[in-house]
Amino acid sequence: MQRYSTVIAAALAGACIGGLAAQAMGPSAYYIVEIDVTNEDVFNKQWIPKADETIKAAGGTYLVRSANIERIEGAAPKRLLITKWDDLDKLTSWRESDAYMRTLPMLDKAVKSVRSYAVEGVN
């Protein structure tokens, strides 16, 4: 019985330490972008590869990248992108980086409108 108590105590201590470490890191950040594409060729062949490079290099990961959107309430966007970041600071650093800023002229040639926002998630 003593052996099981020691194992359980060690497991609980490890879980507590892991939970505290996760809290210290803070919540993840999510970048949501609604895009109305007018030039699929420029968007798919020029902007996406360049933007992907900047996102991956800065530590972001795609969660959603789709034009297949089913409206439930309100107007649905034409295309939706959601990326996940460690925190808002990393997301902001990427968004303001020279590498990403250089992709924006390509995006301007490919879209009618862009709506984007960042939110913190719950860990």
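# A tour of the cavity, core and rings

This structure contains 1 cavity of 30 Å³ or more. The model is a predicted one.

**Stop 1: the cavity.** The largest cavity encloses about 110 Å³ of space. Select Tyr 31, Val 33, Trp 47, Leu 81 and Tyr 100: of the 13 lining residues, these are the closest to its centre. Now colour β1, α2 and β3, since each of them supplies at least two residues of the lining. Colour the lining by class and you get 12 nonpolar residues, 1 polar and no charged ones.

**Stop 2: the core.** Next, select Ile 35, Phe 43, Trp 47, Trp 85, Leu 107 and Val 111. Of the 21 residues in the largest nonpolar core, these touch the most other members. At least two core residues come from each of β1 (29-37), α2 (40-57), β3 (79-85), α3 (88-95) and α5 (104-110). The largest share, 6 residues, belongs to α2.

**Stop 3: Trp 47.** Centre the view on Trp 47. Beyond its neighbours within four places in sequence, Trp 47 is in contact with Val 42, Leu 81, Tyr 100, Thr 103, Met 106 and Leu 107.

**Stop 4: the rings.** There are 4 aromatic pairs in the structure. Start with Phe 43 and Trp 47: their ring centres are 5.3 Å apart and their planes lie at 25°, so this pair is stacked. The two residues sit 4 apart in helix α2, about one helical turn. Both are buried.

Move on to Trp 94 and Tyr 100. This pair is tilted, with 4.4 Å centre to centre and 50° between the planes. Trp 94 is buried at 3% relative accessibility, and Tyr 100 is buried at 4%.

Finish by selecting Tyr 31, Trp 85, Trp 94 and Tyr 100, which form one aromatic cluster.

Methods
Residues numbered from 1 in each chain as written. Predicted model: local features only at pLDDT ≥ 70, side-chain atom pairs only at ≥ 80, totals over all residues. Heavy atoms only, no water. Core = buried A, V, L, I, M, F, W, Y, C linked by side-chain atoms within 4.5 Å. Buried < 20%, exposed > 50% of the residue type's maximum accessible area, 1.4 Å probe, protein only. Contact = heavy atoms within 4.5 Å. 1 Å grid on protein atoms, 1.4 Å probe; cavity = no way out; pocket = protein on both sides within 12 Å on 5 of 7 lines; lining within 4 Å. Points joined across faces, edges and corners; volume = space filled by probe spheres on them. Nonpolar A, V, L, I, M, F, W, Y, C, P; charged D, E, K, R; others polar. Phe/Tyr/Trp six-rings, centres within 6.5 Å; stacked < 30°, edge-to-face > 60°.
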